[in-house]
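Me: I'm a first-year student and I'd like a close look at just one part of this model, the place where the ligand sits. Could you walk me through it in plain words?

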Amino acid sequence: MDYKITLLPGDGIGPEVVGEAVRVLEKVASKYNHTFDFQERLMGGCSIDKYGSSLTDETLADCVASDSVLLGAVGGPKWDDPKAKDRPERGLLALRKGLGVFANLRPVKVHPALVEWSPLKPEKLKGVDILVIRELTGGLYFGFPKGRDVKDGRERAVDTLEYYDYEIKRIMKLAFDLAKRRKKKVTSVDKANVLESSRLWRQIATQMGKENLEIELEHTLVDTAAMKLITGPAWMDVVVTENMFGDILTDEASVLAGSMGMLPSASLGESSVGLYEPIHGSAPDIAGKGIANPVGTILSTALMLRHSFKLEAEAQSIEKAVEQTITDGARTADIGGKLSTRQMADEISKRL
Ligand code: IPM
Ligand code: MG
């Protein structure tokens, strides 16, 4: 089969990790007889530099018209001016909204060989296999009013945490559906003791829990969830939460896996065009050095094969190759080794 993939390498280490993930995909293509047509576009800071916009209409249209999108990372100190009218991150948010990818799947697994690399005690990490489902197109990131003004002589800034019932329902439905294929447990994370939006979130989760009685539904306040992720992560399976809580909790959860560089993500919506990206950022401090960990991006391509193209065997072949590579001791600097981005990807390719 023929698949059209738009590449958005972005800024910082983005181009390095995306470049290696493409080489892995090419290997999969030749092994399984598929054709991946890659088209590369600018998004983020690099797009501001060239076009004056972090995401142009043309680039968004090209993404919408392709079968899936692979993104590296966006942002960096160059575009950090708080007064700038556009920022790399705005492009990413506009892309998520434009593609309608409301569900961000962030699987967190701990490779046994990396247990000693995590700051947590090994016994806490045993059996950790969590799927965080982060709502991606609502909440504080997108709510209005949003902005700054001067009120009563004081400078003021406002963000709005807004959720509609349908936004909560569709992400909960996905959480229950995915839980059915896993341990039949959903942990819904909110702040219902304080936030009105969380009370609606919990009300809908509870209603849907009654329609999915085979699933054990647990409600956890976000502050407690942050603690439990560290003290008892093996108790969690499917975790579903609003946009910003999910952003924060998944950075925390990446510590379990040993490094941010290890974790992939898939962003899905009603259409089959998915957006795939590692959860890490553009890491300007190591950009251009060729030492970034490509695993998060390579595992994101496995999620692409699984979710957008329904190529389960191919997806598993990548995941198994990564697993074997780590088992065999191949390591980039973030997980205690010396391999370059290219060498790490080569080790994975070799095992495909
Ligand atoms: C992430 C990132 C983004 C987010 C930033 C870069 C806008 O932190 O994907 O987790 O907050 O969603
Ligand atoms: Mg984040």
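Reply: Sure, let's start with who supplies the surroundings. Domain 1 (1–104 + 264–352) and domain 2 (119–257) each give at least three residues to the shell around ligand 1. Keep in mind as you look that this is a predicted model.

Now for the names. Around ligand 1 you'll find E89, L92, R96, R106, R134, Y141 and D247. If you sort that shell by character, five residues are charged, two are nonpolar and none is polar. Helix α4 (residues 88–99) provides the largest share of the shell, with three residues.

Next, zoom in on the side chains that meet the ligand through N or O atoms. In Y141, a side-chain N or O atom is 2.6 Å from an oxygen atom of ligand 1. For R96, the distance from a side-chain N or O atom to an oxygen of the ligand is 2.7 Å. D247 also has a side-chain N or O atom facing a ligand oxygen, this time at 2.9 Å. On its own, ligand 1 would expose 320 Å², and the protein buries 78% of that. As for the space that ligand 1 takes up, that's the largest pocket.

While you're here, two backbone spots are worth a quick look. Most peptide bonds are trans, and most residues other than glycine have a negative phi. Against that background, the bond from F144 to P145 is cis, with omega near 5°. You can find P145 in strand β6 (residues 143–151). The other spot is A283, which isn't a glycine but has a positive phi of about 40°. Look for A283 in the loop between β12 (274–276) and α10 (295–307).

Definitions and conventions:
Residues are numbered from 1 along each chain as its sequence is written. Chains are lettered from A and ligands numbered from 1 in the order in which they are written. This is a predicted model: local features need pLDDT of at least 70, side-chain atom pairs count only at pLDDT 80 or more; totals for chains, interfaces and linings use all residues. Side-chain values use heavy atoms; hydrogens and water are left out. A residue is near a molecule or strand if one of its heavy atoms lies within 4 Å of it. A polar contact is a pair of N or O atoms within 3.5 Å; within protein, one must be able to donate a hydrogen and the other to accept it, and residues adjacent in sequence count only if both atoms are side-chain atoms. Accessible areas come from the Shrake-Rupley method with a 1.4 Å probe; for residues, only the protein chains shown count as cover. On a 1 Å grid over the protein atoms alone, a cavity is a set of points where a 1.4 Å probe fits but cannot get out, and a pocket is an open set with protein on both sides within 12 Å along at least five of seven lines; lining residues have an atom within 4 Å of a point. A molecule sits in a cavity or pocket if more than half of its atoms lie within 2 Å of its grid points. Helices (H or I, at least four residues) and strands (E, at least two) are DSSP runs, numbered from the N terminus. Ala, Val, Leu, Ile, Met, Phe, Trp, Tyr, Cys and Pro count as nonpolar, Asp, Glu, Lys and Arg as charged, and the others, Gly among them, as polar. Domain bounds come from an automatic or database domain assignment.
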